[in-house]
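Here are some short exercises for reading a protein model step by step. Try each task yourself, then compare your reasoning with the solution.

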Amino acid sequence: MISREKAPTAQETFMQMAQAAGLRGRLLVTVGILILVRLGIFLPVPGLDRARFAEAIAGNNAVFGLLDIFSGRGLSTLGIFALGILPFINASIIIQLLTAAIPSLENLQKNEGEQGRRKISQITRYVTVVWATIQSVAFSAIFLNQFALNPGIPFVLETAIALTAGSMFVMWASELITERGLGNGASLLIFVNIVASLPKALGDTIDLVQVGGRETIGRVIVLILVFLATIVGIVFVQEGIRRIPIISARRQVGRRVLAEQRSYLPLRLNSGGVMPIIFAAAILSLPLLIANFTRNPEIANIVNTYLSPGGSGAWVYALVYLVSIIFFSYFYSSLIVNPVDVAQNLKKMGSSIPGIRPGKATSEYLERVINRLTFLGAIFLGFVAIIPTAVESALGVPTFRGLGATSLLILVGVAIDTAKQVQTYVISQRYEGMVKQ
């Protein structure tokens, strides 16, 4: 159940941010850490022939794709933060899948409260170290070693240590933002990396328009209109809420009899927010990474044909992407909203849904509603993610490749979630001011 407190306007929010020391401090911490992580992208990994490396990846954008964008061009510039936040995201996927399969982890998450969540976070960090080490060693030995000035085991070990340490620093920075800053740290780091890739995409698009003439201008305008329509659809999905009516029974407090109260239980159309999109994109990036590591022409051909948005068999990519979004949407929904717990809490508070018996009947009703909402939200998100990419390929405008619907979904979703958290702080400080008065 929610409060009917009116949300502050944008002007009120900025005024409160300027006046509130706590909120201002969180904002400064967030901005400072984001700048620090961006600077780390440009700290070079030593011992590499960068001219040869640039030539090798010049025509290989389909292989790097989202990996390079999610790392803020860290892979193409070969900074010590080249892996970025991706190992932490992959480790989070692994732990959350294991949580659903291993009873002890599930018990930690559901029944141990804050202590259990801290233990799971610690386990996720250990898995991140292992996963980052595996990725760093594979990336250094199979791919970077051929561009080394002095190739061999010492180079592989030094580079792997540097990349692993950089990934651990990025993970620590993301957790610091989540704890002491504003918003979700991992999501904000990806947000900033995507924004950092926009100038290059815009510059390439301008060059394409200058070379292609009026016909290319028309194609770019159509693509921009599709992107704008996509943003509207994303906001619709992110803000969509199903309000379940709630009736609170009459209660006697001392000599006073409180009348029956009506409110509602808000169930989001997309309860997982932007995380299902990030996880689905991370899963789809793994085949591209494997193809790049193995350097096997047959594997690379299959991946570029069927698991790349620009391949001739892009429908397979679209189908896998859609299924991944649906899966992670349901998975996140099951973690965020537990119908049984909600039904029990309503029963304890003496509240009920009109026409639905308290207890098991309420939990079954809520489960049906949540499943339908999750399915609709996931399907809508899937189509919103696929259509702009298909339009890019049909119009022949490759300059936004990798900055299509997936990036738009992340940008808009993270912006909405962060803005809501800021508004939550503003409302809480408004209440604190009322209490002090």
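The exercises below go from the whole chain to single residues of this predicted model.

**Exercise 1. Find out how confident the predictor is in the protein chain, and where to take care.**

Start with the average: the protein chain has a mean pLDDT of 77. Next, see how the residues share in this: 77% of them score at least 70. Then look at residues 1–5, where the pLDDT is below 50. Beyond near neighbours in sequence, that stretch still has 15 contacts in the model. Where pLDDT is low, the predicted coordinates should not be read in detail.

**Exercise 2. Describe the overall make-up of the protein chain.**

First count the elements: there are 17 helices and five strands. Now turn to burial: of the 437 residues, 45% count as buried. Finally, take the contacts between residues at least 6 apart in sequence; 77% of these join residues at least 24 apart.

**Exercise 3. Locate the largest nonpolar core and say which helix gives the most to it.**

The largest nonpolar core holds 56 residues. Within it, Ile85, Ile89, Phe279 and Tyr321 touch the most other members. The helix to pick is H14 (residues 314–336), which contributes eight residues. Do not stop there, since another core of 15 residues lies apart from this one. Its members include Phe53, Leu78, Leu83 and Phe143.

**Exercise 4. Work out the strand order of the three-stranded open sheet, and decide which strands stand at its edges.**

Step one is the pairing of strand E1 (residues 241–248) with E4: eight bridges join them, and they run antiparallel. Step two is E1 with E5, again antiparallel, over two bridges. Put together, the order reads E4-E1-E5. Strands E4 (261–268) and E5 (351–352) each have a single partner strand, so one side of each is left without a neighbour in the sheet. To check the order, follow Ser248: its bridge partner in E4 is Gln261, and in E5 Ser248 stands opposite Ser351.

**Exercise 5. Show how the buried residues of helix H15 are arranged around its axis.**

List them: in H15 (residues 339–348) they are Pro339, Ala343 and Leu346. Looking down the axis of H15, these buried residues fall within an arc of 65 degrees, so they line one face of the helix. A general rule helps here: an α-helix has 3.6 residues a turn, so residues three or four places apart point the same way. Just after H15, notice Gly350, with a positive phi of about 70 degrees.

**Exercise 6. Test the length of helix H11, then place Leu228 in it.**

With 26 residues at 1.5 Å a residue, H11 should span 38 Å; its end C-alpha atoms are 38 Å apart, which agrees. The buried residues of H11 include Thr216, Val220, Leu223 and Phe227. Leu228 also belongs to H11 (residues 214–239). Is Leu228 buried or exposed? Its relative accessible area is 48%, so Leu228 is partly exposed. Last, compare sequence with space: Leu228 and Leu408 are 180 residues apart in sequence, while their C-alpha atoms are 9.6 Å apart.

How values were computed. Residues are numbered from 1 along each chain as its sequence is written. This is a predicted model: local features need pLDDT of at least 70, side-chain atom pairs count only at pLDDT 80 or more; totals for chains, interfaces and linings use all residues. Side-chain values use heavy atoms; hydrogens and water are left out. pLDDT is the predictor's confidence in each residue, from 0 to 100. Contact means heavy atoms within 4.5 Å. A nonpolar core is a set of buried Ala, Val, Leu, Ile, Met, Phe, Trp, Tyr and Cys residues joined through side-chain atoms within 4.5 Å. Buried means under 20% relative accessible area, exposed over 50%, partly exposed in between (1.4 Å probe, protein chains only). Helices (H or I, at least four residues) and strands (E, at least two) are DSSP runs, numbered from the N terminus. Two strands pair if DSSP finds at least two bridges between them. The arc is that of the directions from the helix axis to the C-beta atoms. The expected span of a helix is 1.5 Å times one less than its number of residues.
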